[in-house]
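Open the model in your viewer and keep the selection panel at hand. Follow the stops in order.

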Amino acid sequence: MNELPQQLANGLILGAMYGLIAIGYTMVYGIVQLINFAHGEIFMVGGFGALTVFLLLPSGVNLLYALPLMLIGAVLVAVLVGVAAERFAYRPLRGAPRLAPLITAIGLSIALQQAVWKWYPEGNKARVFPQFKGDSFQILGATVQRGDIFVLVAAPVCMIALGFFVSRTRSGRAMQATAQDPDTAKLMGINTDRIIVLAFAIGAAFAGVAAVAYGLRTGEVQFRMGFILGLKAFTAAVLGGIGNIYGAMLGGVVLGVAEALATGYIEDIPGMQQFGGGAWKDVWAFVLLILVLLLRPQGLLGERVADRA
Amino acid sequence: MTTPTSAHPLLQVEDLRVAYGKIEAVKGISFSVEAGQVVTLIGTNGAGKTTTLRTLSGLLKPLAGKITFDGAPLTGVPAHKIVERGLAHSPEGRRLFPRLTIAENLKLGAFLRKDPVGIEADIRRVYELFPILGERSRQASGTLSGGEQQMLAMGRALMSRPKLLMLDEPSMGLSPIMMQKIMDTIRELRTQGTTILLVEQNAQAALSLADHGHVMETGTVVLSGTGQELLHDESVRKAYLGED
């Protein structure tokens, strides 16, 4: 198991997933300076959206054909919940002290978990997510499951599309302007409320894509899946430099690879045997977070925020 | 002295009151701007000049009063709709988008316009007005000098082809030479027929090019008149032009 290519591949797959979720944290933070702690749950409901679509399709359907529909289901549900959260939970608190939206986010996160637990059919246990059948692929000495190919394709496609949107389109430029100076953006005629909704929607859509990747990888979705993954994606966003979309993806990949390498190799370091293996895997993300906050608080690609008026 | 008004001034402000929480920053001011005029609001820091402009452009909600622009009420209209009506605001402290380039900032000034050819022509016009901006069009605006930033802020506000251009402290923090350049530009815009509402701490410069001026003190207009009248008014000279 402890082969380098395999660990790198695992890290990359995990990291791409973290990165996709991290985009949501970073975009919302970049525009309204809010840490949307319910974002992990937006990811989670996306997973259930995809599952619901699959269950509605005739049984025995080829997963390859079902996948696009499931993806639409995941994105649709995630975006709906994300946009509703902005409209009804966060917008009324704009201008309130920052603690208020933060507590609201945590409350919303619990409410969404409990809603799925209570009202989704058998939502109180892990629901089986469809899997691709067939052999895994051998890529550069690593074994990659069929389902994992999805995120390895989806993450770069999403990133390129987002990069194009932000830098080349009118709405994207409006988004950059709003992030840099919301009042002045309004003076340009930009409807900043719409831009905020757009940021939530894009973040939620990416979380929906990540949720499909998660389901394909782990073979299940469950109401608590957004908690630890959300925290790690948040870590990735901070690691990359919160507010920076490329930083979020980079942070995700760095975090995923660091986690995989730590899980695989730390037990080989003399005196560290008891920290090896999967039981400690969730610790490394937060060790990395602490290190980043100590050594480079603005993150890998973050800028010092001094130029913010 | 009273403000001369005609039947349809471009901008009419009546008994405007604005507060930050419980603190009233503008306590019932009235003035008007006729098309083609340069009108200036002068006064010390905290007199309520910037608050007035921010209320006119919709960034602040007034407590009471009436704002009529181009024949229609402006109160209650959200900020992003006010630009559409032809009121552009170059805010205090320039407030450029620092990580965007000069050209991108200018394009954002024309955000609501749908005529790419006209926008390109207007960008060229701004570059003619301020050649240095044209030379550095792909440079991030945050790296420009204070004077260059001010030129860009004015250029950006012009890009919406406003009926009324509001300039807040365009000379702030500039060297005398740069200040002269900015004032010359305002004069040039005026001869081209641009209507301007100018807020300035540099009363001498502002009054010498304004058709009308209003002196504000702690939220009220204490004195109004033509630029020349105020320039030669005893109390104005004492309080704002540094003479005893």
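What percentage of the contacts in chain B with a separation of 6 or more comes from residues 24 or more positions apart? The figure is 65%. Keep in mind throughout that this is a predicted model.

**Stop 1: chain B.** Select chain B and colour by secondary structure. You should find 10 helices and 10 strands. Turn the C-alpha trace along its principal axes: chain B spans about 45 × 40 × 35 Å. The radius of gyration is 17 Å, which agrees with a compact globule, because 244 residues would then give a value near 18 Å. Now colour by burial. Of the 244 residues of chain B, 47% count as buried.

**Stop 2: where the chains meet.** Show both chains. Here 16 residues of chain A are in contact with 20 residues of chain B. On the chain A side, select helix H6 (170-180) and helix H7 (182-187); each supplies at least two residues of the side that touches chain B. H6(A) gives the largest share, 5 residues. Recolour that side of chain A by class: 6 residues are nonpolar, 5 polar and 5 charged.

**Stop 3: helix H8 of chain A.** Select residues 192-218 of chain A. This is H8, with 27 residues. From first C-alpha to last, H8(A) reaches 39 Å, close to the 39 Å expected at 1.5 Å a residue. Is H8(A) mostly covered or mostly uncovered? Mostly covered: 21 of its 27 residues are buried.

**Stop 4: the end of the helix.** Step just past H8(A) to Gly219(A). Check its backbone: Gly219(A) takes a positive phi of about 80°.

Notes
Residues numbered from 1 in each chain as written. Chains lettered and ligands numbered in written order. Predicted model: local features only at pLDDT ≥ 70, side-chain atom pairs only at ≥ 80, totals over all residues. Contact = placed C-beta atoms within 7 Å. Helix = DSSP H or I, 4+ residues; strand = E, 2+ residues; numbered from the N terminus. Nonpolar A, V, L, I, M, F, W, Y, C, P; charged D, E, K, R; others polar. Rg over C-alpha atoms; globule rule 2.2 N^0.38 Å. Buried ≥ 20, exposed ≤ 12 C-beta atoms within 10 Å, placed from the backbone. Expected span 1.5 Å × (residues − 1).
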